[in-house]
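Please find below some comments on the model, set out as numbered points. They take up the ligand site, then a pair of helices, and then the backbone.

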Amino acid sequence: MSCPTLVKSAVISALAGFCLVSSAQDHELTTDVVVIGGGISGLSSAMSVLDHGGKVAVLEKLPGLGGAGNYFEGAFAADSDYKRRNGLKEPTADQVYKDVVRFYNYRINAVVLRTLINESGPAMDWIETKGYKF
Ligand SMILES: Cc1cc2nc3c(=O)[nH]c(=O)nc-3n(C[C@H](O)[C@H](O)[C@H](O)COP(=O)(O)OP(=O)(O)OC[C@H]3O[C@@H](n4cnc5c(N)ncnc54)[C@H](O)[C@@H]3O)c2cc1C
């Protein structure tokens, strides 16, 4: 899909092969995919587009990227290569699951939680392949 975009009156952070353009001025962009919101979800989506050889523009309303991800204190990273390499065998995904379920007094969507925990390790490993150092 070719998507020429003219965005007015907005702060734009455009990622095209991770070249960051930040401006309140009008820009005309040609891209395959437009991601609205440059939080962790949006940036991961943009990275996936790049992984598949596409061109992507991320439109972020705030002056900076990262969204709530700028306030992270930690990640489950359950059963990740990072933890294995660093001798951090515990907590395992099963232990994290049990602890979190107990923390929420068993009133939590178990399928969503289990998916979140199961994917937390591979997600961390994937981020590392992008050159990020934890
Ligand atoms: C204080 C705090 C601490 C946290 N600590 C942790 C932690 O330790 N570990 C953990 O795993 N998780 C933590 N979380 C949760 C985690 O940060 C969020 O779940 C995650 O960052 C959400 O990412 P997101 O991209 O889905 O959403 P967001 O981060 O909300 O990103 C959405 C982005 O879209 C932009 N946007 C919205 N509307 C528009 C629009 N109309 N046009 C353009 N841009 C728009 C927003 O400005 C924002 O940048 C914490 C959250 C908070 C608030």
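**Notes on the predicted model**

1. In this predicted model, the ligand is surrounded by 17 residues, of which Ser 41, Glu 60, Ala 68, Glu 73 and Gly 74 come nearest. By residue class, the shell around the ligand divides into seven nonpolar, seven polar and three charged residues.

2. Three of the polar approaches to the ligand deserve to be inspected in turn. Glu 60 places a polar side-chain atom 2.6 Å from an oxygen atom of the ligand, whereas Glu 73 takes part through its backbone, a polar atom of which is 2.9 Å from a ligand oxygen atom. At Gly 74 the partner is a nitrogen atom of the ligand, which lies 2.6 Å from a backbone N or O atom of that residue. As for burial, the ligand taken alone exposes 1000 Å², and the protein buries 52% of that area.

3. Helix α3, residues 93–103, and helix α4, residues 110–129, have axes that come within 10 Å and cross at roughly 140°. Angles over 145 degrees would count as roughly antiparallel, and α3 and α4 are therefore described as oblique to each other. The crossing in which α3 passes α4 is right-handed.

4. Two backbone features should be checked against the general expectation that most residues other than glycine have a negative phi and that most peptide bonds are trans. The peptide bond from Glu 90 to Pro 91 is cis, with omega near 0°, and Pro 91 is placed in the loop between α2, residues 81–85, and α3. Asp 79, although not a glycine, has a positive phi of about 55°; this residue is found in the loop between β6, residues 56–59, and α2.

Key. Residues numbered from 1 in each chain as written. Predicted model: local features only at pLDDT ≥ 70, side-chain atom pairs only at ≥ 80, totals over all residues. Heavy atoms only, no water. Near = heavy atom within 4 Å. Polar contact = N/O pair within 3.5 Å; in protein donor to acceptor, adjacent residues only side chain to side chain. Areas by Shrake-Rupley, 256 points an atom, 1.4 Å probe, with all protein chains shown as cover. Nonpolar A, V, L, I, M, F, W, Y, C, P; charged D, E, K, R; others polar. Axes fitted to C-alpha atoms, helices over the stretch in contact; angles between N-to-C directions. Helix = DSSP H or I, 4+ residues; strand = E, 2+ residues; numbered from the N terminus. Parallel < 35°, antiparallel > 145°, perpendicular 65-115°, else oblique. Left-handed = near helix turned anticlockwise from the far one by under 90°.
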